[in-house]
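Hi,

Here is the structure I promised to pass on to you. Have a look at it first, and then read my notes on its salt bridges below.

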Amino acid sequence: MRGIKGILFDKDGTLVDFQATWFAIGEMMALKAADGDKTRATALMEAAGYDFTAHCFKADSVFAAGTNADIVDLWYPAASTAERAAMVRHFDEVTAEEGAAKAVALPGSKDALASLHSAGFRLGVATNDSTGGAEKTLLSLGVAQMFDAAYGYDAVANPKPAPDAIHAFSDLTGLKPSEIAMVGDNRHDLEMAKAGGALAIAVLSGTGTRESLTPMADVVLDSIADLPAYLAGKA
């Protein structure tokens, strides 16, 4: 595992507090899909992965791991292809603006990023959110200048768990996939790492659990706050 020189981060649950950032946005989107019917909106939220009893998003659910296209497919099954495409564009706009505006950085994440950047690691984001949403969130958090690139689901031919973003980051930086670590809080992040030949680092700061992540991970950390110390021996 030596020779790590670049790091791809998932966004929500890894850099951003998923629960604090996304419940209100998801509820707003669900109310729109339900034409204002709160009971139906609740059902849509549950279908997409929100557990109202535990007050959190379920690991590997559509909300936690999917794209806006996945949510539209789930919530608008009777829509035509053109209608779904229009709704995906609308959801991309909403989540990009609102996600950035409401983004809550996870404790210690900014210091960890600054430490990694200062140490010379090449940094990128790989998310199933839109590319615009990722870029705006990095700007909102005040860390955009540390990143070489952000890859949303719309920036690659195949989103996570496909390894396309790893290949793109490798091409951009000149690093081999084996020199890249993929850090995320859901199984699809780790599946992407394995498929792309990168180091798979799981963090417990999002919706994934130690039980769900350990089988796929090369290492499990509490959060990216622990990443500089861990990678100090891998660089």
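A quick definition to begin with: a residue is called buried under 20% relative accessible area, exposed over 50%, and partly exposed in between (1.4 Å probe, protein chains only). Please keep in mind that this is a predicted model, where local features need pLDDT of at least 70, side-chain atom pairs count only at pLDDT 80 or more, and totals for chains, interfaces and linings use all residues. Residues are numbered from 1 along each chain as its sequence is written, and side-chain values use heavy atoms, with hydrogens and water left out.

Side chains of opposite charge can pair when their charged atoms come close. The structure holds 12 salt bridges (a side-chain nitrogen of Lys or Arg within 4 Å of a carboxyl oxygen of Asp or Glu). Here are three of them.

Asp 73 and Arg 84 meet at 3.0 Å, N to O. Asp 73 sits in helix α4 and Arg 84 in helix α5, so their salt bridge ties together parts 11 residues apart in sequence (helices are DSSP runs of H or I, at least four residues, numbered from the N terminus). Arg 84 is partly exposed at 23%, and Asp 73 is partly exposed at 40%.

Lys 136 and Glu 97 pair at 2.4 Å, N to O. This links helix α7 with helix α5, 39 residues apart.

Is the third pair buried or exposed? Asp 189 and Lys 160, with closest N and O atoms 2.6 Å apart, are buried, at 0% for Asp 189 and 8% for Lys 160. Salt bridges with shared partners also bring in Asp 10, making one network with Lys 160 and Asp 189.

Enjoy exploring!

Conventions. Helices (H or I, at least four residues) and strands (E, at least two) are DSSP runs, numbered from the N terminus.
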